[in-house]
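Student: Please take me closely through the packing of the helices in this model. I would like the contacting residues named, and the remainder of the fold described only as a setting for that part.

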Amino acid sequence: MALIMSDVDRFETARPRLEAIAYRLLGSSSEAEDAVQETFLRWQAADVQRIEVPEAWLTKVLTNLCLNMLTSARARRETYVGRWLPEPLLAGDPMLGPAETAEQRESVSYAVLVLLERLSPGERAVYVLREAFDYPHREIAEILDITEAAAQQIYHRAKKHITDGKARTEIDEATARRIIEEFLAAATSGRTEPLVRLLTQDAVSVGDGGGKIPARAKAFEGALAVATFLRGLFKPGKAKRALVGGAPEIYATTANGGPAIVAVVDGRVVGITCLEVTAEGIAAVRSQVNPDKLVRATEQWAAAGHGEAPLHTL
């Protein structure tokens, strides 16, 4: 059935929330956009006038599309080259969604997106809908066609998996910048000791190059191993510049609400490194260098019109 303008407007009003849900479920902006577009096509084909609660209908359709995509994505990731990491989003990206509460900010943090990969698609959906968007268990049950009791049980199980894997500290933008500046000073000092002092003893470092940019699939583990790797990573070199097409300029920013380092070459984002910060120090250094997962970041970087000088150039 053809949509009238008011029906299109109603969908467009819901689009930001739908995109934020889809991104949290899929960990990819392009896949999230695909899921939302497919939701629109189904909205377009539906008898909209007979849908009593459009927002609930749209959420149900989107969530189940994402569950199907997650199932197929797991099969694809078995053949993914190297370690698969979620796509980071820079500060200000509307796809990050609501950030009024600590739970909402936590649900889109890069560390939690990584932990969400451990959950089953159903657990992930229940956790995201409850934790990030405060859906009642009754509505979650209706969306997923399960009982309310099952929704509650799945949520508590998922929350335990996420909570057991984290002890992070929420920090403001000024603190995030200070942490990045200290980290960069240590990483570019040419010595491992300053880095070791910033890292937790069980710190890890991992990168996602998608087979297009060299990135070690197996994580570096332990403060000394991570510090040694990072010292080499932040050392300027002709090979690095040839690989990314120029001398990367290094900026401090936030991604998914946490401190992040952005490497930019001629306005193109070529890497985003997200730091997981705990009360004991930096617990994880996760780098996204797969060009396919940096397209949106490059668009957002250009739109923000960054004019400040880089903190460092490799």
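Tutor: What follows goes from the overall make-up to three helix pairs and then to the sheet.

The model is predicted, so local features need pLDDT of at least 70 and side-chain atom pairs count only at pLDDT 80 or more, whereas totals for chains, interfaces and linings use all residues. Residues are numbered from 1 along each chain as its sequence is written, and side-chain values use heavy atoms, without hydrogens and water.

The protein has 13 helices and seven strands (DSSP runs, H or I of at least four residues for helices and E of at least two for strands, numbered from the N terminus). Along the principal axes of the protein, the C-alpha trace spans about 65 × 40 × 40 Å.

Helix H3, residues 54-77, is a useful place to begin, since it packs against helix H7, residues 137-144, at an angle of about 60°, the two axes lying 9 Å apart (axes are lines fitted to C-alpha atoms, for helices over the stretch in contact, with angles from 0 to 180 degrees between N-to-C directions). On the H3 side of this contact (heavy atoms within 4.5 Å) stand Thr59, Lys60, Thr63, Asn64 and Leu67, and these meet Glu142, Ile143 and Leu144 of H7.

H3 has a further partner in H6, for the axes of H3 and H6 come within 9 Å and cross at roughly 140°. Here Thr59, Thr63, Leu67, Leu70, Thr71 and Arg74 of H3 meet Pro121, Gly122, Arg124, Ala125 and Leu129 of H6. Reading the two contacts together, one finds that Thr59, Thr63 and Leu67 of H3 take part in the contact with H7 and also in the contact with H6.

Helix H6, residues 121-132, packs in turn against helix H8, residues 148-164, with an angle of about 90° between them and their axes 8 Å apart. H6 contributes Gly122, Glu123, Val126, Tyr127, Arg130 and Glu131 to this contact, and H8 contributes Ala151, Ile154, Tyr155, Arg157, Ala158, Lys159, His161 and Ile162. Gly122 of H6 is thus named in the contact with H8 as well as in the contact with H3.

Other helices pack on the sheet, which is open, has seven strands in the order E2-E1-E6-E5-E4-E3-E7, and shows mixed pairing (two strands pair if DSSP finds at least two bridges between them). Its edge strands are E2, residues 220-221, and E7, residues 312-313, each of which pairs on one side only. Strands of a sheet pair through backbone hydrogen bonds, either parallel or antiparallel. Strand E4, residues 258-265, and strand E5, residues 268-278, run antiparallel and are joined by six bridges, and within this region valine 264 stands opposite valine 269 in E5. Helix H13, residues 295-304, packs on the sheet and touches E3, E4 and E5, its direction making about 95° with that of E5. Helix H9, residues 173-187, lies across E3 (249-255), E4, E5 and E6 (281-288), and runs at about 60° to E4. Strands E3, E4 and E5 are therefore named for H13 and, together with E6, for H9.
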